[in-house]
Amino acid sequence: MNKKFNKLPSRFSKFAASLMLVTSVFATPILSTSAMADEKIPRLTNGKPDFSGIWQTTSAADYDLEPHSNRKDAPPGAGIVEGNTIPYLPKALEQKKKNFENRATDDPSLKGWTLGVPRGVYYPEPIQIFQRPRDLTVVHQFGHSVRTIHTNNTQHPVIDDASDLWLGDSRGKWEGDTLVVDVTQFNDKTWLDRAGNFHSDALHVVERWKLLDANTIEYKATLEDAKVYSRPWNISAILHRHREKNFQLIEDYRYTLDFEQYYPPKPDKK
Amino acid sequence: MNNKISHWNLGMSSLILGAISFAPVVGNAADEAKTQQLQGKTEQVQQAQPAQQTRARRPREKSFPKIASGKWTGPRLPDGQPDISGQWSNTIANHGNFEDPQGGVIGEPNRDGTPRRDPGPRDARAPSRVSDPADGRVPFQPWALEKVKDFRIGFHNPTYPGHIEPNARCAPGGVPKSLYWHGYDIQQYPGYVLFVFDNGSRIIHLDEKKPHLSENIKLWNGDSRGHWEGNTLIVDVANHNGKALFGRSGEFISENGTVKEKYIFSNDGTRYNYEAVFTDPTVYTRPFTVTIPASKWTNADETDGWNLEAHWAKHDGKEKILEHNERICYENNGGFGLGAAAEQKK
């Protein structure tokens, strides 16, 4: 194979060499812009992108996933639903409207209950992700719920309906640098936002987590639920890393506020 | 007005922990009876679930070895921490009785109302969780001891909301009770040790230059800063809200208290002893030391529904991998969460 090169005239080979040198000097930045961005993404020792850290969205998604003007209980938002409208089946749309009218009492987050998936991701309180090769552990400041995303090539367990889960069962796999998480086995007790958007226990969510840079996560999810929506639909939100000095999660249990004043015992007043 | 609230109705007998089977292996007879009520209600994972009848259960310990603080010769994580991650649980008893852990709940009658039989000589059972002072008693100030005694009576005949043990309300277990309730997961990461309990979690920050939260903030699980010294994880706990209590015998710390913990691990990684000094000049006459032994549960163990609430992972390989059931309590709680919501709708 080397014989071909040996036969080239020396002038041509020198020209070719210098052309290659010039091209490579200019080509490196162009070809590697994405590579350079990749180099800035933190990674685990196994090379996978490392989502560890404390994150929070600045979007108004939790107030209402769909575009909306301001309300007494919500700022305006452009919405995070692709195509703007959630494709409810007709009966489900009636239920959604009822939820919306009764949101001041019926929103389960008012009781401090687990937000579920995906609401826990875009709720306006920080989440801390702890990551190791076998799994990601997501601790939500609100309710201090803990969600495990298994990344060890395991599958959804076989369980019956009585064991439907508040946070679903999450199994993640890597597609390049994107973490694709399949979530099933939900119960129907959580809402998707404060506006009463909801799901049934047939909900199936596929999430795509991707680091755009060291301090930014692009979060996308496809939701399908044959009992509630006429077709799958997508949302997309950005999470920002908390970089304030000494930032940490602080417990936020709401349901304990109903009874915590009785503990611990106090000295009697004299 | 009749304020009588029965703890049988409220939380104890109807406490449902989602997919978790509530079968205490180290509970007293009353717990066992409640367990049988619950078995029918809780659901199990069907896939290759170890049969309940054949579950191997570790016997409760009546004594345990002291582990000396010193070098760690076991495996390490890439960041240098001793690798002790996994499922852990205490080896003695649940939160029924702090100073006589295997002595049963104080004043508890049998279910048929007959008085409990004499539990026998004290030294035949596991020692008090109070390892100092030598008498094994929490050195309460007189006012605090009166409150503890009041709780022990009120626990069986509650006339005041503060007589309900907070676990029944799915409140976080707090410090130290979380370490002797159900089993829990210890997970390690650069800069953090994470404890995941059935109720609540603790994030131990390994950066001790990070100051504690302001004293205005009080937390069920406190605010923790720690570091490793050889085989020992040393943790400083502040911002304690004192609300979880220490268990059904009513002992407590207040929001003025602090805890200095040591988790001393054996070099084979199978055990650790928790030795912690509790200080609170508004409640105690002097600081005292709490000692709690724990052992590790692994994929070689059978889940027993209390120390280890897990199921086998489904995967294409042959390796047996234990996965913990979802840890969500309040929302499933028959007495408070879903049960209360159902009551309201009636």
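In the next few minutes I will walk through two chains, beginning with chain B, moving to the place where it touches chain A, and ending inside chain A. Please keep in mind throughout that what we are looking at is a predicted model.

Let me start with chain B as a whole, which contains four helices and 13 strands. Of the 346 residues in chain B, 48% are buried, and if we take the contacts between residues at least 6 apart in sequence, 61% of them join residues at least 24 apart.

Within that chain I would like to dwell on strand 10, which covers residues 288-297 and has eight of its 10 residues buried, so that we can call the strand mostly covered. Which strands of chain B does strand 10 pair with? One of them is strand 9, residues 271-279, which runs antiparallel to strand 10 and is joined to it by eight bridges; here you can find Val277(B) standing opposite Thr289(B). Another is strand 1, residues 86-90, again antiparallel, with four bridges to strand 10, and in that pairing Trp88(B) has Lys296(B) as its bridge partner. Strand 2, residues 130-132, also pairs with strand 10 in the antiparallel sense, over two bridges, and there Val130(B) faces Val290(B). As a general reminder while you look at these strands, side chains in a regular strand alternate between the two faces of the sheet.

Let me now turn to the interface, where 45 residues of chain B are in contact with 40 residues of chain A. On the chain B side, at least two residues each come from helix 3 (142-154), strand 3 (184-189), strand 4 (192-196), strand 5 (201-205) and strand 12 (314-315). Sorted by class, that side of chain B holds 24 nonpolar, 12 polar and nine charged residues. Strand 12 of chain B deserves a second look, since it pairs across the interface with strand 5 of chain A, residues 154-155, in the antiparallel sense and over two bridges; in this pairing, Gln155(A) stands opposite Lys314(B).

That brings me, finally, to chain A, where nine strands form a closed barrel in the order 1-2-3-4-6-7-8-9-10, with mixed pairing. Neighbouring strands in this sheet are turned against each other by 30° on average, if direction is ignored. As one example from the barrel, strand 2 of chain A, residues 127-132, and strand 3 of chain A, residues 135-140, pair antiparallel over six bridges, and Ile129(A) stands opposite Val138(A) there.

Technical notes:
Residues numbered from 1 in each chain as written. Chains lettered and ligands numbered in written order. Predicted model: local features only at pLDDT ≥ 70, side-chain atom pairs only at ≥ 80, totals over all residues. Buried ≥ 20, exposed ≤ 12 C-beta atoms within 10 Å, placed from the backbone. Pairing = 2+ DSSP bridges. Contact = placed C-beta atoms within 7 Å. Nonpolar A, V, L, I, M, F, W, Y, C, P; charged D, E, K, R; others polar. Axes fitted to C-alpha atoms, helices over the stretch in contact; angles between N-to-C directions.
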